[in-house]
Amino acid sequence: MKTLVVFYSRTGNTRRMGELIAQKLHADIDEIIDQKSRSGIIGWILSGRDAMKEYLTKITFTKNPADYDLVIVGTPIWAGSCFSDLFDRK
Ligand SMILES: Cc1cc2nc3c(=O)[nH]c(=O)nc-3n(C[C@H](O)[C@H](O)[C@H](O)COP(=O)(O)O)c2cc1C
């Protein structure tokens with residue numbers, strides 16, 4: 001079975017989990033890049049606001065999920081929601 005682990009990580013925790021899971025499952029791995037800068041305290045505030053107001057964000061990624069049998073998505077939780085809830089799918 002072809003497996004892909006995709007992750008978004010603002011501060012590295014989800015990255016570490018994604019890398020571990022991909023290694024254990026012999027899966028490919030891909031990082032989701034957010035078009036908004038979320039670094040530092042301003043990024044923290046922006047992320048909390050976006051999560052609470054459900055402001056969508058543009059993302060980019062490299063690998064095509066349709067090429068895989070199983071896709072595992074990892075994101076942090078912000079204000080009780082998965083960050084993936086904010087991905088702009090248009
Ligand atoms: C704006 C903001 C809101 C958060 N809200 C929650 C939350 O509601 N529940 C929770 O368990 N953790 C919350 N966290 C903590 C992150 O989910 C946690 O630190 C996570 O491991 C960060 O992952 P990352 O290092 O991959 O970015 C929040 C973090 C941020 C920046």
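**Exercise 1. Determine how many salt bridges a search of the whole structure finds, and trace the network around D34.**

Solution. The search of the whole structure finds six salt bridges, where a salt bridge is a side-chain nitrogen of Lys or Arg within 4 Å of a carboxyl oxygen of Asp or Glu. The structure is a predicted model, in which local features need pLDDT of at least 70 and side-chain atom pairs count only at pLDDT 80 or more, while totals for chains, interfaces and linings use all residues. Residues are numbered from 1 along each chain as its sequence is written, and side-chain values use heavy atoms, with hydrogens and water left out.

Step 1. Begin with D34, which forms a salt bridge with R38, the closest N and O atoms being 2.3 Å apart. D34 counts as buried at 10% relative accessibility, and R38 counts as buried at 4%; buried means under 20% relative accessible area, exposed over 50%, and partly exposed in between (1.4 Å probe, protein chains only).

Step 2. Continue with D50, whose side chain meets that of R38 in a salt bridge at 3.1 Å, N to O. Because D50 lies in helix α2 and R38 in the loop between β3 and α2, this pair ties together parts that are 12 residues apart in sequence. Helices (H or I, at least four residues) and strands (E, at least two) are DSSP runs, numbered from the N terminus.

Step 3. Add K36, whose side chain forms a salt bridge with D50 at 2.9 Å, N to O. In this pair, K36 sits in the loop between β3 (33-34) and α2 (40-53), 14 residues apart from D50 in helix α2. K36 is partly exposed, with a relative accessible area of 29%, whereas D50 is buried, with 0%.

Step 4. Assemble the result: D34, K36, R38, R49 and D50 are linked in a network of salt bridges.

**Exercise 2. Describe the open sheet formed by three strands, and state which helix packs on the sheet.**

Solution. Step 1. The strand order is β2-β1-β5, and the pairing is parallel; two strands pair if DSSP finds at least two bridges between them. The edge strands are β2 (28-31) and β5, each of which pairs on one side only.

Step 2. Strand β1 (residues 3-7) and β5 pair in the parallel sense over five bridges, and the bridge partner of V5 in β5 is I72. Helix α1 (residues 13-25) packs on the sheet, touching β1, β2 and β5, and its direction makes about 175° with that of β1. Contact means heavy atoms within 4.5 Å, and axes are lines fitted to C-alpha atoms, for helices over the stretch in contact, with angles running from 0 to 180 degrees between N-to-C directions.

**Exercise 3. Count the aromatic pairs and classify those that involve F83 with Y8 and with F87.**

Solution. Step 1. Rings of Phe, Tyr and Trp (its six-membered ring) pair if their centres lie within 6.5 Å, with planes under 30 degrees apart counting as stacked, over 60 as edge-to-face and the rest as tilted. By this rule the count comes to four aromatic pairs.

Step 2. The rings of Y8 and F83 have centres 4.4 Å apart and planes at 45°, so the pair is tilted. Y8 lies in the loop between β1 and α1 and F83 in the segment after β7 (81-82), so the pair ties together parts that are 75 residues apart in sequence.

Step 3. For F83 and F87, the ring centres are 5.3 Å apart and the planes stand at 90°, so this pair is edge-to-face. F83 and F87 are both buried.

Step 4. Y8, W78, F83 and F87 form one aromatic cluster.
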